[in-house]
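Work through the exercises below with the structure in view. Each task is followed by its solution in steps.

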Amino acid sequence: MAHAALVDSGIVREVIVVDNDKLPNGGEFTPEVETALNTYLNGIGLDGDWKLTSYNNNFRGTYAGQGYTYDPDLDEFVAPTTEEV
């Protein structure tokens with residue numbers, strides 16, 4: 001299963017699971033798969049900028065959660081600090 005985070009204005013708004021059979025290469029993390037992810041999700045009415053996130057923390061720093069931020073310079077998700085919670 002692939003996990004996708006909806007990023008809006010740098011903030012993760014939601015995280016969903018997408019069947020690997022909906023994506024090329026079984027949903028492995030590549031720019032092409034992420035493009036296909038956005039095409040698929042936008043095509044079924046889930047508009048926005050979706051980023052793959054790793055449930056096992058294998059890429060992008062940490063698994064994205066609602067309220068996390070996405071840092072495009074680092075290409076990582078960042079957990080909110082205790083002041084932000």
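**Exercise 1.** In this predicted model, find which residues Leu 23 touches, leaving out those up to four places away in sequence, and then list the largest nonpolar core.

Solution. Step 1: the contacts of Leu 23 are Ala 2, Val 18, Val 33, Ala 36 and Leu 37. Step 2: the largest nonpolar core has 11 residues, and Leu 23 is one of them. The others are Ala 2, Ala 4, Leu 6, Ile 16, Val 18, Val 33, Leu 37, Leu 41, Trp 50 and Leu 52. Step 3: at least two residues of this core come from each of β1, β2 (11–18), α1 (31–43) and β3. Step 4: another core, of 6 residues, lies apart from it and includes Ala 5, Val 12, Ala 64 and Tyr 70.

**Exercise 2.** Decide whether Trp 50 is buried or exposed, and describe its surroundings.

Solution. Step 1: Trp 50 belongs to strand β3 (residues 49–53). Step 2: its relative accessible area is 1%, and buried means under 20%, so Trp 50 is buried. Step 3: beyond four places in sequence, Trp 50 touches residues including Ala 4, Leu 6, Glu 14, Glu 34 and Asn 42. Step 4: a polar atom of the Trp 50 side chain lies 2.9 Å from the backbone oxygen of Leu 46.

**Exercise 3.** State the volume of the largest pocket and describe its lining.

Solution. Step 1: the volume is about 160 Å³. Step 2: 13 residues line this pocket, and the closest to its centre are Met 1, Thr 53, Ser 54, Tyr 55 and Phe 59. Step 3: β1 (2–8) and β3 are the elements that give two or more residues to the lining. Step 4: the lining residues divide into 6 nonpolar, 6 polar and 1 charged.

Methods:
Residues numbered from 1 in each chain as written. Predicted model: local features only at pLDDT ≥ 70, side-chain atom pairs only at ≥ 80, totals over all residues. Heavy atoms only, no water. Helix = DSSP H or I, 4+ residues; strand = E, 2+ residues; numbered from the N terminus. Buried < 20%, exposed > 50% of the residue type's maximum accessible area, 1.4 Å probe, protein only. Contact = heavy atoms within 4.5 Å. Polar contact = N/O pair within 3.5 Å; in protein donor to acceptor, adjacent residues only side chain to side chain. 1 Å grid on protein atoms, 1.4 Å probe; cavity = no way out; pocket = protein on both sides within 12 Å on 5 of 7 lines; lining within 4 Å. Points joined across faces, edges and corners; volume = space filled by probe spheres on them. Nonpolar A, V, L, I, M, F, W, Y, C, P; charged D, E, K, R; others polar. Core = buried A, V, L, I, M, F, W, Y, C linked by side-chain atoms within 4.5 Å.
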